[in-house]
Amino acid sequence: MALILDLVSGDIALFHVFTWLDIGSVHQDLKELLKDESENIRYSFPQLLIAFIKEQTSSIVKLHNIHPYELHTVASPKRENLLPTVNNLSLSSPSPNFKNNGSCQETRKIRKITPQRLDLSSDSAFPSLQQSAQTREIPKKRRINPTQLIESPVTTRVPLQFGSCSRPSPPALGHNAFNQAQEQSCHKSLDQERALLKEKKHQITIPTISDLGSTAPKNWMCVEPDISFVTKLSQLDRLSALCSFCLSRNLVPSLFSEIQFLIQLLVLRVSPAKLKQTHLVQSLLDSVHNCVYFSAKTLEHLEGIWCHVDQSVLQQLMHNPRLLLFCPEWTNDKLPKLISSITNVDRIPPHKTVANVAFQTETDNRFNFASDSSFQVFRKQRDQFCEAWQIWKVNSSIPGWNMSIALQKMIQSLVDLRRDCVNYAHLARLFRSQLLNVAQLVKPINELEEPDGPLGQLQSSDPDKLRRLRDRLTNPPESRPARCVGTENDIKMHFEGDQEFFRDFILLAASPAFNEHLKNSLVSGIEDLSSSEDCDDRAQFAETVIALQVMAKFLGFLHFYPHASADHLPEHIFHHLSRLRISQREPIDLVSYIKDAFYKGRLVLVIPWVVTYLTLADPVSLCLPGFHSVLCHLIFVYRKAELAPANAFLIRILLGWLFSQSNFPLPLLAKPDDDLLIEFGNLSLATTDDQLPRLDQSRLVDSSLIHQCCPFLWSWKHLLAEFACSDAKNSGEKASVSRKITPVSAEENPSPVKAPAVKSLQKSLEENFFHNQPSSVKRTVEFVAERLASNVVRDVRHQIIPRLVLHAQATLKTWPSTAKDPVESLCLQLCADVRNEAASAATSAIASIESTLTALLPNDLLPPVRRVCVSIASKLTQGKVLDWIQLHVTKSLFKNDLEVELAKLDKSCARRVPGSPTASDKPQVVHDPTTQAPSFLIDRLKTLIRQVIRDASKVSEQDLIDLLSNCEGTLHRRVDVTPIVSKCLQQLTFDLLFIVCVFQPESIGSQTIIAWVAFWCKTYPSVDGVETEEPVQPPGALISTCVWQVLTPKQLLLLAQSTSPRESWNHVTTLLLQLMKSGLVRYKDVQEQAIAVVRQEWPQELLGRFATCVRDIVDWHRNQKSEPNLSTSESCDDDGLLSWLSWFCAQDDL
Amino acid sequence: MARVLNQTTYNSLLDSLCKLPFRNRVQSLQKLFPELSVDTLKCIVAQECQKRMKGSHGRLTTSETVEAMYKKFTNSILMNEEPGILLRLSDEVGLTPALLARSIIERHYQRDDKSKPAKLLVSTLMKNTALIDDRDLAFETYLCLLEDDEYGPIAEATKQSRGYEYEIYLRMELENCKVSFLHEDHLRMKGYDKTPDIKLEIPVAVDGQVINWIESKALFGDEEVHRGYLKDQLYSYWNRFGPGLVIYWFGYVEDLEKIHQNRIILIRDTLPRNMVLMDQHL
C-alpha cells in the first residue's frame, strides 16, 4: 500500500512504471521504491493497486446512499448461490479452502497485498437505508458460520448472499499497519451480528416491487460533486493513469468488476447529513468530488473498451451529468463521435415465426427407430414434451403456478415412457433442439430505451405485463419460490427465462438415463459446433457462439449439479470430497479444446462456452487437479492471447468474469507467466492441420454479441440508468429494464464424418492432393459426395426398398406353401435385389458428378485436377452407398414387413370380402367432379329405400335407370371412393333393387334387373374360392357374408308384405337367376339359404311361391349341367336336396 | 349461407336443439335459423347426438337394461305389433335406433354363457341384415339403420366418405392453385410419425400468416371437437411442422383460435382463395 501511495504522490515518471509492468525492466528511480522485491511485486502490482483504490474509497463508499430502487433490488436473496455474480469485486480473498491446496506461499502473498477486500464486499461497506449506523460496521474478521452476511449493494444489483458458499476473507495477517488499525477499530459484539442477521432475514422476505415508492423517502439530498472541490489533483491523475494502464493491458484479473467499480464511484451519492455525522479517515479518495473525478478520468482513458460496449451504455455515459461536468471533452465530443462511428449491424435474425422443432425425415422418421413400438412411443414422447413446454410457457409467469405440481407427473412419465436407449437418445436430441431453439437468446435487446419503444408501449397497453416483467427482472426467478422446483433450500443454478423450463425439466424428470443421454447429446453438439466451419458469416458465428454457450451451460449443470451445495463446506469435508473426486473425469476435455483453439486461432469461439461451463462448477471441482491445468490455460489465454480487438474484449471480459467468481482459486491468478507457459508447454504442440478457418483475427464480434454472451455487462448500464432515473424527477421515464426477445435457433452443423485412419499410398496421395488445393476444393468434393450418396440412399430407402418389398409381399401370396420358410428365402433374395438396384442407382447418380463439380469448383482449376476431383467424388459416393448397404440392407430389414404381410394374408384370406375393390386393384381413374359424391349417393339410396318401405313412395323405372348411371359414375369415375363406401353402395343398391322388386314390381322393366346385375358384375367381381372358406361360423348359423342374399328370412318377410306377390316373386326369381348366371351367387349358396328358410315357420302361400322359385332355380341348374361347355366344379353338385325342398314346401298340409 | 357462428348464436342453437324431439330436428332448426347452411345444421345436430350418446350409451346398455329391452321387443313381436317396434323403443329409451338395434342383436346372439358375441359377427350382421336368422329382428334392424343418420354401417360409411371426399377435394383445389404438397399417404410412406392431410412442401401464407400444413375436417368445429383435435392431431402437427391451417368444411364457432394462444393454427371453413405463394422468380 505504501508503495502505491509513494508512487502516486511521488514524481517518478509513470512511463517507467509502465515499462516495468510491461517487460519487467526496472528503472533507476523505481528501484528505490521497489527495493529488492521487483519481480515479486510485478505480477501482483495491479491487484495491489486495485486494493489501494478500494481502501482509499472505503470510508466514503460506506456512506453511499442507495436509491430506493436499489434497496429492493438488492434485497433479492440467494440468487447466486453457486454463481456469485458481479458482486464480488474481490480481487483476492483466498478462501480457507484453498489455503492448503497447492502453493501456500502464493496464498500468503496475495493476502499480503490485498488486505482490503472486506471493505467492499462486507456489510459495513454499503449499508442500506434501513440499517442503523451501528450495525453497519460489522467485524470483518469474524467468520459467521454457516451463514455469512455479505452485502455490497453498490457493487451490484444482486449481491446479497444469504446462506451462500462465499467464504469470508481471512483476517489480514498484520503486515500492514493500516489494516491493524482497522481491525482494532471494528470490534463488535456477537449479539450485534445476530441482530443484523435477523434483520437481514427479515429483509429477504419482502423483495417485491409493489411496495416501491411507499417506503421510499420522497426527497433526499446528496452531495453534488464539484470539480472545484477536488483535492490532490495531481495525485489523482497519476493514480488514474496507473489504473487505466493496468486495465487496458489486461493486468487486472477482472476487467469487468473494476469498471463496474469505477462506475459505482461515478454515481456515488452521499447525503450531506450523513457526511457530517461521520468521521472520515483521511485519504486520497475521501470525498465525493475526488471519487467522481478519479472515476471520470479513468473511465475516459479506457478508450479501447468503450468501442465494444453497447450504444445504450455509451448513451448513458454521454448523458451522465457528472461526466458532463468532469470530462466535457469526452462526453461532448469523443463519445458522440464514437457512437456515430459504431455501425449498428443488426444481426439478430428477424422475428422468428417458427418456434417448434421441425420434424426431419432424415433423423426422425421410422427408419431411425429400432422397432415400431419404439417409434410409436417416441411420437407420444415428442408430443408430450412439446405439451409440457407449452404449458410451462403459458403458465410460468402466473404467480403461484407450480411447475412440479403441474408437470412433474407428465414429465416423469414421458421421459421414462420406454426405457430404451433409442428413445432416450431421441428425447435428448429433441430436448437439445428445443433448448437451442427457444432458450438461447435470453438477453436484453441492444436498442436504446425510448419512451415510445416496446416497453413504453407496454406501459400503456398492458401495465400489468410490464409490472410482471419488472418484477421478474428485479426479483430473479430464484427468489420466487412458487416457480421453482424443489424446496427453498435446494440449490438453484442460475438460469434465466425459458431456460428455467429446461433446468426444471431435468430436475423433475430425475431420470439418470435421460441425463446421461442428454450429456452425450450436448457433448456431441458442442463438439460439432466447435469444429463448425460455417463461422465466416457474422450472424452465423453469433448463433454458433450462443448455441455453444447454452449447450455448455446445460452440460455444466448436468455435470456439476450433483456436487452443488447450499452450505458452506467445512474444510475437512471439502478435502474429503476433493479426495473422492481426485480422478474424476470431465465429460468434455476442456484443455484440449482450449489448446486447440489457441493454436488454431479459434479462441473467440471456444472461450465463451468454456467460461459458461466453468461458471457452473462447484468449488471442489475447481480445486481438482484436472481443473488446475484448465484454469492455468485460461489465465494464460487471458494474458497472452492475441485477437482482433473486439474478439479480445469478448474473451477477456468473459475470463475476467470467471476469475472474479467466488469459486475461483485465486492463487492461480498471481502465477507468473512462465509458470503458466510451462502448463501450456507441457502439452504437445497441437497439430497445425488447418482445415478449419481461423477466427480470432476476423471481425466477427460486435457489441451486441458481446452483450449477448456477457449479460452481466448490462449492469454497467443499469448503474448509470438508475442514477439517471433517480436524478431526473420523472424516474419512470428512463427506467433501465432489460427486455427479453424472441429466441431463435442455431442450426446444427454436424461436421463431416471422419474417415477411418487407414492409410494406403493412394490415400496419402489423395490427402496430399487436397492439401495443395484450396481447402474449398476438398470441402466441395466431400459435400457433393455426401449429398449424392445421401440421395441414393434416400432413393433406396423410399423407392427401391418399398417397391421390392411390395413385390415380395405379392409373391408371398403365390409362394408355394410347401416352401419351408418363405420369409427367410424371400429376404435373401430381397437383399440381393436391393443391393443390385442400389448399385445401379449409385452409378447413375455418379454420372451427374462432373457437371455438378464443374459448377462448384473454382473456375481456374486445371482440367486434370477437376477430373481427379470427379473421380474422388465418385469413389466417395460409391463408398458411402456401399457402406450404407452393408450396414442396413440385411435380412432383418425385410423380415418384419414380410412376416406382418404373411400374418395379414392369413387373416385376410379369412375376411376377404368378395368384390370389394381395393386401391391397388383399381385402374387409374380420372376424377370426374360432375359425378355424385359417394356420401350423397349413399344418403339418397338410403332415403329412397326408407321411403319405399315406410311411405310407399313411387320409384319409377326411369328413376332406377338414372340411379344406375349415377352409381356407375360414382363408382367408376371418382377417386374418392373408399372400400367401405364401395361396399356400402353394393349393399344399398342391392337392397334397393330387391325392395323395388318386392314393393313396386311394376317399376321393374324387362332390362332393369339385367342391367343392374351387369353393373354389379363389373363393379364387384366375385372372388371365387375364397368366400366358401368362411371361418367365422358363429352360433347363429351364419352361412355366408355375401351381399347377394335373396332367399333369407328377412327377404322372405319383405316378400310376404308384397301387395302383388306373383310379380314380386317373378322378379326376385329373375334376380336370383341373373345373379347365378353371372356367377355372383352359386348354386351352393342358394341351397344353404333355402335350408335356413325352412327352419322357420312361414305362411303356406309364401312357401308355395318359395317352392316355385326354388324349382325354377333347380331347373335352370339342370340345364346348365347338361351344357357341356360349362363344367365347373359345381356342376357335379347334387341338386336333389333343393328339388326335395321345393317339393316339400309345395305341400299344402305342411 | 353462413357456416361460421359466433358463440351466442351457437349457444342459442344448442339451447333450441335440446328442446326439440329426436326426429326431424334439422328441419325444425332450419325454420329457427334460416340464415345458417343446412349442412352446418345437420352437422351440429349429428354432433349433438353423438355427444349425447357418448354421455348415455354406457348407462343405457347395461346388461339389465338390454335384457329388459329385448324382452320388450320379443313381446311386441309376439303381440304382432306394427313394424317399427325398435324405432319406437328407441324414442322411448333415448338410444339412437342403430345403437339400440346393435344391443338387441348382441343380446339375440349372446353366447351360451350369456357373454356378448364376437364383434365381427355383430358388425357383419349390421352391415347385411339379410344375414340375421330372425326375420323380424332383421327387418326391424334394417328399419333402424335406415332411420339413423349418426350410427350404423350406413351412417359410418357416409361420414367416412364425406371426410375422404373433402380431402380429395382439397388436394384437387391445391393442385389447381399450384401449391406443391405431400398428402397423408406420401407422408406415411416416408415414415412420418404424424401425418396431416396436407403437408405443404413449400409454405404459403394465408392472411399474412405462414402455414406449413392443412388438415381437412368434414364437420362442424365447436370447442369440444376442436380441443379434441388439438390434443390428438393439430398440436402434434404444430410441434413438428409449425403453424398450419385446419378447415372445418361445415363451419365452426368463432374465436376458437384463441385457445391456441401462441401456437398459430388458422381455422377456416374453406380453402382460402387469397393464399400467397412463395416468390420463385430469380
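Which elements of chain B do the buried residues of H1(B) pack against? They meet strand S1 (4-5), helix H2 (25-32), helix H3 (38-60) and strand S6 (252-253) of chain B. The model is predicted.

**Helix H1 of chain B**

Helix H1 covers residues 7-19 of chain B. Its 13 residues should span 18 Å at 1.5 Å a residue. The end C-alpha atoms are 19 Å apart, which agrees. Tyr10(B), Leu13(B), Ser16(B) and Leu17(B) are the buried residues of H1(B). Viewed down the axis of H1(B), they fall within an arc of 130°, so they line one face of the helix. An α-helix has 3.6 residues a turn, so residues three or four places apart point the same way. The face of H1(B) turned away from the buried side carries exposed residues: Thr8(B), Cys18(B) and Lys19(B).

**Chain B overall**

Chain B has 11 helices and 7 strands. Of its 282 residues, 55% are buried. Take the contacts in chain B with a separation of 6 or more: residues 24 or more positions apart account for 61% of them.

Most residues other than glycine have a negative phi, and most peptide bonds are trans. Two aspartates of chain B have a positive phi, as tabulated here.

| Residue | Phi | Loop in chain B | Relative accessibility |
|---|---|---|---|
| Asp207(B) | near 50° | between strand S3 (198-206) and strand S4 (209-217) | 48%, partly exposed |
| Asp255(B) | about 70° | between S6 and strand S7 (265-268) | 53%, exposed |

**Charges over rings**

The charged end of Arg135(B) sits over the ring of Trp1098(A), 4.1 Å from the ring centre. This places a residue of chain B over a ring of chain A. Within chain B, Arg263(B) lies over the face of Tyr235(B), at 3.5 Å from the ring centre.

**Aromatic pairs**

How many aromatic pairs are there over all chains? The count comes to 46. One of them joins Phe256(A) and Phe712(A). Their ring centres are 4.9 Å apart and the planes make an angle of 75°, which is edge-to-face. Phe256(A) lies in helix H13 (residues 255-266) of chain A. Phe712(A) lies in the loop between helix H36 (703-709) and helix H37 (714-727) of chain A. The two parts are 456 residues apart in sequence, so the pair ties together distant stretches of the chain. Phe256(A) is buried, at 1% relative accessible area. Phe712(A) also counts as buried, at 11% relative accessibility.

Ring pairs also build a cluster in chain A. Its members are Phe385(A), Trp389(A), Trp392(A), Phe431(A), Phe501(A), Phe502(A), Phe505(A), Phe514(A) and Phe554(A).

**Nonpolar cores**

The largest nonpolar core has 180 residues. Which residues have the most contacts inside it? They are Phe45(A), Leu239(A), Trp306(A), Phe505(A), Trp609(A), Leu614(A) and Leu634(A). Helix H28 (residues 538-560) of chain A gives the most to this core, with 14 residues. Phe505(A) appears both here and in the ring cluster.

Leu634(A) touches Ile594(A), Ile607(A), Val610(A), Leu614(A), Leu655(A), Leu658(A) and Phe659(A). That list leaves out residues up to four places away in sequence. Leu614(A), one of these partners, is also among the residues with the most contacts inside the core.

A second, separate core has 105 residues. Among them are Leu941(A), Ile949(A), Leu964(A) and Cys1109(A).

Definitions and conventions
Residues numbered from 1 in each chain as written. Chains lettered and ligands numbered in written order. Predicted model: local features only at pLDDT ≥ 70, side-chain atom pairs only at ≥ 80, totals over all residues. Heavy atoms only, no water. Phe/Tyr/Trp six-rings, centres within 6.5 Å; stacked < 30°, edge-to-face > 60°. Helix = DSSP H or I, 4+ residues; strand = E, 2+ residues; numbered from the N terminus. Buried < 20%, exposed > 50% of the residue type's maximum accessible area, 1.4 Å probe, protein only. Lys NZ or Arg CZ within 6 Å of the ring centre and 35° of its normal. Expected span 1.5 Å × (residues − 1). Arc of directions from axis to C-beta. Contact = heavy atoms within 4.5 Å. Core = buried A, V, L, I, M, F, W, Y, C linked by side-chain atoms within 4.5 Å.
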